[in-house]
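This report goes through one protein model at the level of its chain elements, its sheet and the surroundings of its ligand. Please keep the sequence and the structure in view while reading.

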Amino acid sequence: MIRLVDIHKSFRGQKVLDGVNIHCRKGEITVLIGRSGSGKSVTLKTMIGLVSPDAGKVIVDGEDTTTLDRYQLNEMRRKFGMLFQDGALFDSMTVGENVSFPLREARRYSKTEVADMVREALAEVGLHGIEHKMPSELSGACASAWLSRAPSCCRRRSCSTTSRPPASIRS
Ligand SMILES: Nc1ncnc2c1ncn2[C@@H]1O[C@H](COP(=O)(O)OP(=O)(O)OP(=O)(O)O)[C@@H](O)[C@H]1O
Ligand SMILES: [Mg+2]
């Protein structure tokens, strides 16, 4: 489903990715482990087209995404969910507004459809019925960590990426 083929990336002469090959198959969980600064986040960003490699191919569902234009890249990114580090939420928005943020931004769905999808996504991560709460009302890191998964579920992404998943997700 996702293949990085001989990826090279340098920043200002500093080589970060030196011929990286990764194959992530559908239904599998792929874990990148490495010391701080070794290039894990750069690898994830390369996968979703936020960083363009100096050389190599990024194949997503059979398509080399390094050749896509800006518009096509945005479409391709819809396949990906990105889980926020430390369950980051917008403090000024309700849980429902946080979860539906990408949906509302896409402007493709009616209010009723968005509400249904939010309800479904929260239920999927075991947090049904909390859409009207504010993030500060949630009980502890665990809830917000699970909640960070909901936006990804909400858009039914075929692939979710995360840097440093919170402990409740790791377990
Ligand atoms: N946009 C950028 N411009 C310049 N250097 C960058 C950029 N992005 C990453 N780097 C450098 O690339 C190297 C790898 O960074 P990266 O963020 O991928 O590390 P990491 O493995 O995710 O580390 P951590 O475990 O701390 O999150 C670092 O030396 C970093 O400073
Ligand atoms: Mg990182």
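## Helix α1 and what surrounds it

Directly after α1 comes Gly49, a residue with a positive phi near 80°. The model in which this is seen is a predicted one, and the values below should be read with that in mind. Within α1, the buried residues are Thr43, Thr46 and Met47. Viewed down the axis of α1, its buried residues fall within an arc of 100°, so they line one face of the helix. The general background is that an α-helix has 3.6 residues a turn, so residues three or four places apart point the same way.

The helix lies across three strands, β1, β2 and β3, and runs at about 120° to β1. It also has a part in the ligand site: helix α1, which spans residues 40-47, supplies three residues to the shell around ligand 1, the largest share. That shell holds 11 residues, of which Phe11, Ser36, Lys40, Ser41 and Val42 come nearest to the ligand. By character, the shell around ligand 1 consists of three nonpolar residues, seven polar ones and one charged one.

## The four-stranded sheet

In what order do the strands of the open sheet stand? The order is β2-β1-β3-β4, four strands with antiparallel pairing. Strands β2 (14-24) and β4 stand at the edges with a single partner strand each, so one side of each is left without a neighbour in the sheet. The pairings within this sheet can be set side by side, each with its number of bridges and one pair of residues that face each other.

| Strand pair | Sense | Bridges | One residue pair |
|---|---|---|---|
| β1 and β2 | antiparallel | eight bridges | Lys9 and Leu17 |
| β1 and β3 | antiparallel | five bridges | His8 and Ala55 |
| β3 and β4 | antiparallel | two bridges | Val60 and Glu63 |

For β1 and β2 a further pair can be named, since the bridge partner of Ile7 in β2 is Val20. Strand β1 covers residues 2-11 and β3 covers residues 55-60, while β4 consists of residues 63-64. Of the 11 residues of β2 the number buried is one, so this strand lies largely in the open.

## Two hairpins and their turns

Strands β1 and β2 form a hairpin with two residues between them, and Arg12 in the turn has a positive phi of about 45°. That value is positive in a residue other than glycine. Is Arg12 buried or exposed? Arg12 has 4 C-beta neighbours inside 10 Å and therefore counts as exposed.

The hairpin of β3 and β4 likewise has two residues between its strands, and there Asp61 takes a positive phi near 50°. Asp61, too, is not a glycine, and its place in the chain is the loop between β3 and β4. Because Asp61 has 12 C-beta neighbours inside 10 Å, it counts as exposed, the limit for that class being 12 or fewer.

## Helix α3 and the loop before α5

Further along the chain, helix α3 (residues 95-106) has Val95, Asn98, Val99 and Ser100 as buried residues. The residue that follows α3 is Arg107, and its phi is positive, near 50°.

Val95 also serves as a reference point for Leu138, which lies in the loop between α4 (111-124) and α5 (140-147). The C-alpha atoms of Leu138 and Val95 are separated by 9.1 Å, although the two residues are 43 residues apart along the chain. Leu138 has 19 C-beta neighbours inside 10 Å and so counts as partly exposed, whereas a buried residue would need 20 or more.

## The protein as a whole

Taken over its whole length, the protein has seven helices and six strands, which run from the N terminus in the order β-β-α-β-β-α-β-α-α-α-α-β-α. Of its 171 residues, 23% are buried. Among the contacts between residues at least 6 apart in sequence, 60% join residues at least 24 apart.

Key: Residues numbered from 1 in each chain as written. Chains lettered and ligands numbered in written order. Predicted model: local features only at pLDDT ≥ 70, side-chain atom pairs only at ≥ 80, totals over all residues. Near = placed C-beta within 6 Å. Nonpolar A, V, L, I, M, F, W, Y, C, P; charged D, E, K, R; others polar. Arc of directions from axis to C-beta. Pairing = 2+ DSSP bridges. Contact = placed C-beta atoms within 7 Å. Axes fitted to C-alpha atoms, helices over the stretch in contact; angles between N-to-C directions.
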